[in-house]
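Q: I would like a close look at the charged side-chain contacts in this model, with the cut-offs behind each term.

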Amino acid sequence: MIMAWNRSLVTWSILLLASHVATDVVFAAEPRASSGLRVEYRGAVSLPEMVADAAGSGVPLTGLSGITWFGDDRYIAVMDNSRFILRLRLELAADGTPRAASDLELVTLAARHDYEDIAPRLGGDDAVYLCEEDTPAIRIFRLADGVERGQVPLPPTFGRRRPNRGPEALALDPDGRHLWTATEEAVATDGPGAAPRVGTVVRLARLPLDPARPARHVAYEVDPPHDVAPLLAGAPLSGVVAIVALGRGRLLVLERSAAPGLPPFESRLYLVDTTDAADVARIERGLSTRRETFVAKKRLWSDALGLNLEGLCLGPKLAADRRALVGIADNGGLGTPTQVTAFELAAVTSP
């Protein structure tokens, strides 16, 4: 099993580096020429309620909040408020429809945190980056034994996150030299969190893996919570839960809205080109009032699936102009199934 995963990581590394060039051809984004992207939801498969850890003890499979592709049919998902990550295989049809998840295996990490997303680390020992929002931090863990191997420094502004609204999204850029991350909602000094009919403004932060280089921040306005038929008391939320880096400054940003009513969740996927966006790293507070800095976004897909879709990653190529997107739905203790979801991401050229 370990050897197979090692081979997959090599394959993934090659594909990642190649996609730095390929995304310009396969996924040319607006506003370049007349090309764009299309996203189609292809379905979901449920995961079991329990998975055995290395000692053979059953662990409830709950709180899956991030996922990343490791080449071929292999993926790794992370569980929040735990010390586990989950390896799995996912079989996809030619159009990206998920057929079956198998070979589920837990890796026990050296420390328990509220982990929210995951990205692969290239070079050296097989390892992953995990962002967690309780410290907050981006931590590096070795896959072979779950030992922590260091951290990637977060910008000081991220330390001002709201409780349970901290770093929620993490992606490795196709250049292999940067990580992208974002808090779920605005940090306290940047502006208000989401509220009924009110959105929030977060920083999409590009963090260099070379600590001698500066970080870059882009201001991103999240949509307000969706409208619901109220059922219970409670406040709605709306924030960024996942980022998919397409290369050359282009991102897919997954927003998740939740409210105490029906439908309970709404997911929205936006295309963002940060190439010419203002760098707001030097703006220390009041970012929500600086509308002139907000990056433009284009909605590719939205739906109220009845799932708490929390994680998303770029998956394998389906055809010359199509890629899979694979997501993870967190049951959050609500009694809904824990599911792996899949989408087809296709390039579109209009006349």
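What does Arg-42 count as by its relative accessibility?

A: Arg-42 counts as partly exposed, at 27% relative accessibility, where buried means under 20% relative accessible area, exposed over 50% and partly exposed in between, with a 1.4 Å probe and protein chains only. The model is predicted, so local features need pLDDT of at least 70 and side-chain atom pairs count only at pLDDT 80 or more, while totals for chains, interfaces and linings use all residues. Residues are numbered from 1 along each chain as its sequence is written, and side-chain values use heavy atoms, with hydrogens and water left out.

The side chain of Arg-42 meets that of Glu-344 in a salt bridge, 2.5 Å from N to O, the term standing for a side-chain nitrogen of Lys or Arg within 4 Å of a carboxyl oxygen of Asp or Glu. This pair links distant parts of the chain, since Arg-42 belongs to strand 1 (residues 35–46) and Glu-344 to strand 24 (residues 339–349), with the two positions 302 residues apart; strands are DSSP runs of E, at least two residues long, numbered from the N terminus. Unlike the partly exposed Arg-42, Glu-344 is buried, its relative accessible area being 5%. By the salt-bridge rule, the count comes to 24.

Another of these contacts joins Arg-299 and Asp-223, whose side chains come to 2.8 Å, N to O. Because Arg-299 lies in strand 21 (residues 297–303) and Asp-223 in the loop between strand 15 (216–222) and strand 16 (229–230), the pair ties together parts that are 76 residues apart in sequence. Here too the arginine is partly exposed, Arg-299 having a relative accessible area of 39%, whereas Asp-223 counts as buried at 15% relative accessibility.

In the salt bridge between Glu-266 and Arg-268, the closest N and O atoms are 2.8 Å apart. In this pair Glu-266 is the partly exposed partner, with a relative accessible area of 21%, and Arg-268 is buried, with 1%. Through salt bridges that share partners, Glu-266 and Arg-268 fall into one network with Asp-223, Glu-255, Lys-297 and Arg-299, so the contact between Arg-299 and Asp-223, which ties together parts 76 residues apart in sequence, involves two residues of that network.

Note on methods. Helices (H or I, at least four residues) and strands (E, at least two) are DSSP runs, numbered from the N terminus.
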